[in-house]
Amino acid sequence: MPNEIARILPPSGWRSPNRRQFLTGAALLGGAAATGTLAGCGGPAAAGEETLRFWHLLSGGDGVKMQAMIDRVNAESPDFDVVPTVLAWGTPYYTKLAMASAGGRPPELAIMHASRIPGYAPGGLLDAWDLDELAKRDVSKETFADRVWASGELDGDIFSIALDSHPFIAMYNTDVAGEAGLLGSDGLLTEITDPERFLEAMREMQAVTGGHGLSYGYINDGAQMWRLFYTLYRQHGAEMALNSGQPADVDRDVAIDCLTYITSLLDDTICASGADINNAIAEFATGGSGMLFSGVWELPTMQDAGIAFDAMTIPTLFGTPAAYADSHAFVLPHQNDVDEARRAAAYDFVANILKGSLSWAEAGHIPAYQPVVNSEEYRSLEPQVHYANAAEIINYDPRAWFTGSGSDFQTFFAANVQNVFLGREAPDVGWDAFVDRLNTILSKPNPV
Amino acid sequence: MSTTVTGRRSPNSSKNNLHGWAFSAPFLIFFLMFLVWPIIHGLYMSFTGQTLTGANNGFVGFANYGEAFGDPDMWRSLGNTIYFTVISTIPLVLIALVMAGLVNMNLPAQWLWRFSFFVPFLLASTVVSQFFLWMYNPQLGLINDALSTFGIAPVPWLNDPNVAMWSIVIATVWWTVGFNFLLYLAAMQNIPQQHYEAASLDGAGGWRQFFSITLPQLGPTTVLIVILQVLASLKVFDQIYQITAGGPGGSTRSLVQYVFETGFTGYRLGYSAAISFIFFALILLVSVSQIFFNRNRSA
């Protein structure tokens with residue numbers, strides 16, 4: 001009961017209730033007389049431990065891992081108690097977080113994708129991290145890979161502290177690759193640097209499985225389409241800049257080249273022409289193909305599937321090593337009325353989670369905190385360590401208020417490019433339509 | 001009756017009025033706070049550049065409306081909504097009528113039919129969406145599996161822009177036809193039995209009776225069902241959002257979803273409010289035309 005009441009009470013003990021709290025209290029306890037009781041038993045409960053509200057979007061295996069990390073830190077920290085709220089990934093999460101922040105009474109701490117920072121920070125929805133406070137807890141620029149640290153930076157301030165980076169990678173079945181003669185003496189896939197050679201290698205794997213060489217699912221999934229496209233686009237060394245008030249600055253030739261190459265993979269021999277993500281995962285997990293293009297978060301699924309496999313960053317086929325990635329990152333949603341004790345607790349909690357993020361690596365993600373990455377334990381964690389180089393070559397979404405994981409941007413991409421992937425539309429037609437859509441949104445007033 | 005009313009309008013009337021207002025107050029307060037005020041405030045917002053973050057909040061006059069009328073996505077979503085309304089209302093009325101007619105034929109175990117036809121209506125939209133997502137799955141789905149046993153090629157139910165809206169309609173019909181069915185069945189059971197007895201004495205067969213007695217007697221119910229159905233279909237959001245999220249390529253995105261996207265994921269509350277009011281005007285038009293239609297009928 002005290003816990004229930006503590007949640008009804010405003011953050012720092014008893015203040016006069018606002019309308020909603022009053023209605024909740026009245027409904028629960030049957031009238032105005034109850035408010036006295038609330039003050040009586042709510043006060044002491046809040047005095048000992050600070051309650052830290054923490055929103056995140058991690059479900060499934062990630063959610064279980066995160067909960068275990070929270071439980072560990074809670075047990076070690078007598079001063080605060082972190083109470084997580086898990087919301088569904090994507091639009092449902094980001095709309096709620098934005099609205100809570102716009103209202104000025106959001107949770108003390110939240111996890112966002114670093115790629116969404118440009119849609120939140122300039123509008124004042126996030127508070128910047130205090131670098132001195134972080135440094136006191138051994139968290140600083142030096143403890144992160146450059147690109148990962150920079151992902152949280154905007155106009156000189158740091159708005160997000162990455163927990164991980166989670167790139168789009170290739171997992172390959174070592175039995176299939178071995179039989180196809182594609183493994184080197186170290187047991188890893190031999191380096192492939194030529195796009196035509198990669199197609200051949202996939203056909204060789206297909207000859208072994210009898211199914212497909214490659215598993216890649218994308219139907220109705222803008223994120224999956226974008227991840228592969230942007231990996232290949234950046235491998236060409238091409239840039240993409242999206243600034244409000246200007247047309248999208250993109251390399252059309254490279255984009256069309258990438259889309260054409262992707263369609264050459266989706267020929268129903270190398271890869272199924274119209275699979276969704278679940279079909280692709282199931283196919284690879286049952287040995288129906290030699291390679292899977294997916295995010296690192298599918299690693300535990302494959303380990304559970306019991307196939308022999310290893311993982312690597314997507315082969316560098318167009319000259320520049322590059323991997324699409326994003327980061328789960330801690331943010332301080334903007335509060336009108338900051339409670340200093342709670343904010344300090346948030347810093348403590350984040351530092352503690354970062355230092356214990358080795359267990360997060362088991363879920364496939366690359367820990368952002370370098371002391372963990374450089375530790376013996378991580379160095380011996382296979383196959384994770386085989387794609388740990390991704391942190392140096394990752395590319396976040398081009399920055400704009402509407403881009404990032406689970407954003408409208410990925411929906412626009414799917415809307416215009418899916419028919420190209422399916423072979424129903426020419427690459428230049430789909431690409432130009434996508435750029436038109438971007439130009440429309442760039443021409444409108446920037447709402448942040 | 002009127003004399004009694006005027007008779008009561010004496011010294012007591014203002015006190016009675018006061019009591020009346022007091023009894024209505026709990027409702028009125030909520031009505032004003034959560035319906036009337038949001039509508040007024042929404043109208044105001046549609047003339048501003050208001051965003052979720054507070055940037056560019058100023059008064060913009062009719063700029064939002066101007067932008068909306070030139071926004072191809074707005075027109076496309078409106079087109080999708082109207083398309084959905086047309087292709088869903090027709091089966092939802094006709095199939096309900098056929099089902100009610102069949103159940104009304106004094107079949108054995110009538111309660112079982114009634115129950116079976118109505119019960120999907122009680123499911124939450126999330127549940128219905130999950131059912132159909134699985135059944136429409138191109139590789140593992142029940143429907144394509146059943147089709148393949150008859151040698152029919154798999155249909156890309158949700159992946160083909162030309163098919164996806166029909167898939168949504170099929171799910172919607174299965175889900176909500178039970179309500180219209182119930183209205184029709186109740187109306188059929190209210191048709192006096194003597195009409196049919198007289199007709200059979202005159203030698204009218206089953207079909208003759210259906211077209212000459214049942215259908216005309218169901219007239220007012222049909223008007224009611226069509227109006228309710230058009231209004232319900234225009235508001236479509238839940239099942240589309242959960243089954244296709246508006247895809248593929250925006251081919252099933254309804255206007256309500258576009259309002260949600262521009263306002264909550266796109267942050268542009270002012271613009272989103274303007275689109276809502278354009279839609280509001282459309283629904284108002286439908287409702288008012290219904291009133292005129294009904295008035296002409298009864299006159």
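Guide: Before we start: two residues are in contact if their C-beta atoms, placed from the backbone, lie within 7 Å. And keep in mind that this is a predicted model.

Visitor: Fine. So how many residues of chain A are in contact with chain B?

Guide: On the chain A side there are 22, and they are in contact with 20 residues of chain B.

Visitor: Which helices of chain A supply at least two residues each to that side?

Guide: Two helices do: H5, residues 91–102, and H19, residues 408–421. H5(A) gives the most, with six residues.

Visitor: And by class, what is on the side of chain A that touches chain B?

Guide: You get 11 nonpolar residues, 10 polar ones and one charged.

Visitor: What does the model score for ipTM and pTM?

Guide: The ipTM is 0.71 and the pTM is 0.80.

Visitor: OK, and chain by chain, what is the mean pLDDT, starting with chain B?

Guide: Chain B has a mean of 88, with 95% of its residues at 70 or more. Chain A averages 88 too, and 89% of the chain A residues score at least 70.

Visitor: Where does pLDDT stay under 50 in chain A?

Guide: One stretch is residues 1–17, where the model has 30 contacts beyond four places in sequence. Another is residues 25–47, with 28 such contacts.

Visitor: And which residues of chain B stay under 50?

Guide: Residues 1–7 of chain B do, and for them the model has zero contacts beyond four places in sequence.

Visitor: Switching to folds. How many helices and strands does chain B have?

Guide: Chain B has 14 helices and zero strands, so reading from the N terminus its elements are α all along. Chain A, on the other hand, comes to 20 helices and 15 strands.

Visitor: What radius of gyration does chain B have?

Guide: Chain B has 25 Å, whereas a compact globule of 299 residues would have one near 19 Å. Along the principal axes, the C-alpha atoms of chain B fill a box of roughly 75 × 75 × 30 Å.

Visitor: What share of each chain is buried?

Guide: In chain B, 31% of the 299 residues count as buried. In chain A, buried residues make up 48% of 448.

Visitor: How about long-range contacts, what share joins residues at least 24 apart in chain A?

Guide: In chain A it's 78% of the contacts between residues at least 6 apart in sequence. For chain B, taking contacts with a separation of 6 or more, the share is 68%.

Visitor: Which domains is chain A divided into?

Guide: Domain 1 covers 19–163 + 327–391, and domain 2 covers 168–324 + 408–442. Their C-alpha centres lie 32 Å apart.

Visitor: How many residues of domain 1 are in contact with domain 2 there?

Guide: Within chain A, 10 residues of domain 1 are in contact with 12 residues of domain 2. On the domain 1 side, the residues divide into four nonpolar, five polar and one charged.

Visitor: Let's zoom in on E3 of chain A. Is that strand buried or exposed?

Guide: Strand E3(A), residues 109–113, is mostly covered, with five of its five residues buried.

Visitor: Which way do its residues point?

Guide: A:Leu109, A:Ile111 and A:His113 point one way, while A:Ala110 and A:Met112 point the other way. That pattern fits the general rule: in a regular strand the side chains alternate between the two faces of the sheet.

Visitor: Which strands does E3(A) pair with?

Guide: E3(A) pairs with E1(A), residues 50–56, in the parallel sense over two bridges. In E3(A), A:Leu109 is the bridge partner of A:Phe54. E3(A) also pairs with E13(A), residues 328–333, in the antiparallel sense over four bridges. There, A:Ala329 in E13(A) is the bridge partner of A:Met112.

Visitor: Last one. Why does A:Ala285 count as buried?

Guide: Because A:Ala285 has 21 C-beta neighbours inside 10 Å, and the cut-off for buried is 20 or more.

Visitor: Where is A:Ala285, and which residues is it in contact with?

Guide: A:Ala285 is in helix H12(A), residues 277–285. Leaving aside neighbours within four places in sequence, A:Ala285 is in contact with A:Thr301, A:Met302, A:Ala305 and A:Ile307.

Technical notes: Residues are numbered from 1 along each chain as its sequence is written. Chains are lettered from A and ligands numbered from 1 in the order in which they are written. This is a predicted model: local features need pLDDT of at least 70, side-chain atom pairs count only at pLDDT 80 or more; totals for chains, interfaces and linings use all residues. Ala, Val, Leu, Ile, Met, Phe, Trp, Tyr, Cys and Pro count as nonpolar, Asp, Glu, Lys and Arg as charged, and the others, Gly among them, as polar. Domain bounds come from an automatic or database domain assignment. A residue is buried if 20 or more other C-beta atoms lie within 10 Å of its own, exposed if 12 or fewer, and partly exposed in between; C-beta atoms are placed from the backbone. Two strands pair if DSSP finds at least two bridges between them. pLDDT is the predictor's confidence in each residue, from 0 to 100. The radius of gyration is taken over C-alpha atoms; the globule rule is 2.2 Å times the number of residues to the power 0.38.
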